[in-house]
Amino acid sequence: MNTKRLSVHIFGLASAALLSAGAALAADPAAVIRVGSLYEPQNLDNTAGAGQGINEAFNDNVYEALFRLNDDGSVTPALAEKHEVSEDGLTHSFTLKPGVTFHSGEPLTAADVKYSIERVTAETSKSSRKKSLSTIESIDTPDDKTVVIKLKSKSISLPYNLSYVWVVNDAAGDITAKEDGTGPYKLADWKRGSALSLEAFDGYWGDKPANSGAIFSYFTEAAALNNALLTDAVDVITSVQSPDALAQFEDASAFKISEGKSTTKQIMAYNDRVAPFDNVKVRKALARAVDKKKLLEAIWGDRGMVLGSFVPPTDAWYEDLTSVDAYDPESAKALLAEAGFPEGFTFTLETPNYDPHPITAEFLKAELAKIGVTVNIHVITANEWYTKVYQAKDFQATLQEHVNHRDVVFYGNPDFYWGYNNPKVTELVAAAEASDTEAQQADKLREANRIITEDAASNWLFLYPQIVVSNTATTGYPLNGLNAQFFLRGIAKE
Amino acid sequence: MGRYLLRRTFVLALSLIAAGLVLFVLLRLLPGDPAAALLSVGADEAQIAAARAQVGSDQPIWVQLGMFLSDLARFDLGKSFVSGTPVLPEIAARLSVTLPLTVASFLLAVAIAVPLGIISALRADRWYGALLSAVSQLGIAVPVFWIGVLLIWLVAVKWRMLPASGFPMKGWQDFPGAFRALILPVLTISLVMSASLMRYVRSATLDVLGADYLRNARALGASFPRALIRHGIRNGAVPVISILGIELASTLLGAVVVERVFALPGLGSMLLLGIQQRDYPTVQGVLLVSTLLVLLIGFVADVVQRLIDPRLRETVAGR
């Protein structure tokens, strides 16, 4: 977190370049980086339900934004050269970098930026970020290089939120099957169900990438993905799904295993609107009844971490809250009795049908049986989860992984699927957004998170590890992959 | 024969329409909403409503059915809800992987199963006849994905002779690459398929060997190989062709598993993803096309049987 309020720095390549600096010795600038991934984009438009795969392939590679969310969680200017904020915090003026052209050859203008932001806020937009930009009242373009955004209320996260907004040529039209961005790479080829290839864009305004392009190969089976790396069909794989797979890559002369910081949290969310989960004592009892360390170990071995709340260490408002409702089945039983359930109760746990949810569900069932609570495991698909749980809120409790960065603010929305409603938290989350400084924002959110944790709003199980494996010849790739991004420009291959 | 073909074509068309209707209804009975595939956690009510309007899942089912049928009448399978691209060209692209995979596996399986099946029947009393029979029994018991995983581990990972998975981006334009990519999947399917086929060929041959007409032919002075080729194969082929038709059809559908193990961009992976996302146009399109292919295979098998066996032709009713 170091968004400058009045930033005139040219950060250019930010962290990616730093990462690659050490590896540039024998790097081959003509190398094509072969990336193996499980997340095939469904289309090429991040506002049209393309899935996380499109962020992985395109963010900062094909499309840039006014700001960039770096791999360390900081936000730095990208296409914005200058960012000025009015005294009341409601008017933000952005000056665009000069000499930027789209892949189609057209120059970047303020109108393109306005168009791009309105794409995300448009009625037809499927972007999950739409809501966070709802504070925008108007966008003006006094000249070709200046964009002025007026807000309804102050928004400290504006630069961060704008880092999700691809700057697209306003003449591009439908971009579900083509692209027109300003990034260092342009789309070379896309074969649905198989692969997507990018090649370096000669007219890029910034420094040349450390490679000449990349191919993303897509897999549906984790085993096939691992085999691809083992057989040298890819150079790097972006996500390892289980610790068992790592044993194959133990040969340190051939492979490199890196563990970054993830933002993916597995949680058991209760429907806080319905009994018995509207009772804070019941929620706290269930939190204390689960040995999360043991669960994490069963699923991830010695990787990942137990959080104790919804906030991962990459958020500035993180603090260790594992002691609030630490594992203690005895006190769990006592709390249940106090809440009026001395004999326990029965509930249905909506369990997505993919790993690790079914394993976790079985574990929870065994743990909660020890305090007399019976779990009925109901297995559903991702699609059913969305319609039944997220949309219709027709559930008692559910397992889910939440992948987003900075998403504790969801607890400030009483309409969210889990139905946590604490006016104090809602107020703090709103106040945090209206903060003047990032320190103030962090303080407010830290306070909110403490209340959420004391309320045991959900049962936060653990934070996934973020594991990237590559061959030893490949260096300079991002480790944390925040927002599923995978910056290519710094990746070098010997 | 001409009338038979006409009637058979009519039945085929009717079956296809019936299959389409059943598919349409069954898909919509599944819980879930195609709009969900377009959205993620964080979307608000208005976005959900807009997505439902876009894919038409907010419309009553008969309105959806009317749209589906009117599109179908124009040979338009619609556009994928999720990717927004037309389904038909996508299916064509996927078939360029699935069809060669299926046909090559089938031909190889037949090439393995027919001679081995005949040998194991003719030499049922020898040790290698018994061995062949035992091996084919084992082959039936082994799941196809297990053979795939084993072959990948041995040939691709350990020996590095062939790619472990995937298909070249340029498809068949990169002929050597595409060919190499299909070797292991074809081997996987044909090994398993030839095991069961061999059993059928073997029992058909055993039936023929005990048949009166073969004994008669021998009594009339034909040599054993001549009697077998002239009378035996023709008679034995009729039941085997039915089985071949069924096997070919199930290979086409069973390719789903193998495509997944080998990460091939075929029809199967398209179908699986379509089902997960409740992408109705994709699922309907893939299933209609594969139903058509299966019906066509059955059609061809019937016709071929009739050509081989005059008795089938003579029955007036045809069946």
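**Exercise 1. Describe the contact between chain A and chain B, beginning with how many residues each chain gives.**

Step 1. Chain A contributes 39 residues to the contact and chain B contributes 42 residues; two residues are in contact if their C-beta atoms, placed from the backbone, lie within 7 Å. The model is predicted: local features need pLDDT of at least 70, side-chain atom pairs count only at pLDDT 80 or more, and totals for chains, interfaces and linings use all residues. Residues are numbered from 1 along each chain as its sequence is written, while chains are lettered from A and ligands numbered from 1 in the order in which they are written.

Step 2. On the side of chain A that touches chain B, the elements giving two or more residues are strand S8 (185-191), strand S9 (195-200), helix H5 (222-230) and helix H10 (382-391) of chain A. Helices (H or I, at least four residues) and strands (E, at least two) are DSSP runs, numbered from the N terminus.

Step 3. H10(A) gives the most to this side, namely eight residues.

Step 4. By residue class, this side of chain A holds eleven nonpolar, 18 polar and ten charged residues. Ala, Val, Leu, Ile, Met, Phe, Trp, Tyr, Cys and Pro count as nonpolar, Asp, Glu, Lys and Arg as charged, and the others, Gly among them, as polar.

**Exercise 2. State the strand order of the open sheet of five strands in chain A, and then its edge strands.**

Step 1. The order is S15-S14-S16-S13-S17 (chain A), and the pairing is mixed; two strands pair if DSSP finds at least two bridges between them.

Step 2. Strand S15 (374-380) and strand S17 (459-463) of chain A are the edge strands, each pairing on one side only.

Step 3. Strand S14 (residues 346-352) of chain A pairs with S15(A) in the parallel sense over seven bridges. Within S15(A), Val379(A) stands opposite Thr351(A).

**Exercise 3. Give the domains of chain A and describe how domain 1 of chain A meets domain 2 of chain A.**

Step 1. The domain assignment, whose bounds come from an automatic or database source, gives domain 1 (63-163), domain 2 (185-261 + 467-493) and domain 3 (265-463) of chain A.

Step 2. The C-alpha centres of domain 1 and domain 2 of chain A are 29 Å apart.

Step 3. Eight residues of domain 1 of chain A are in contact with eleven residues of domain 2 of chain A.

**Exercise 4. Determine how many helices and strands chain B has.**

Step 1. Chain B has twelve helices and zero strands.

Step 2. The C-alpha atoms of chain B fill a box of roughly 85 × 60 × 35 Å, taken along the principal axes.
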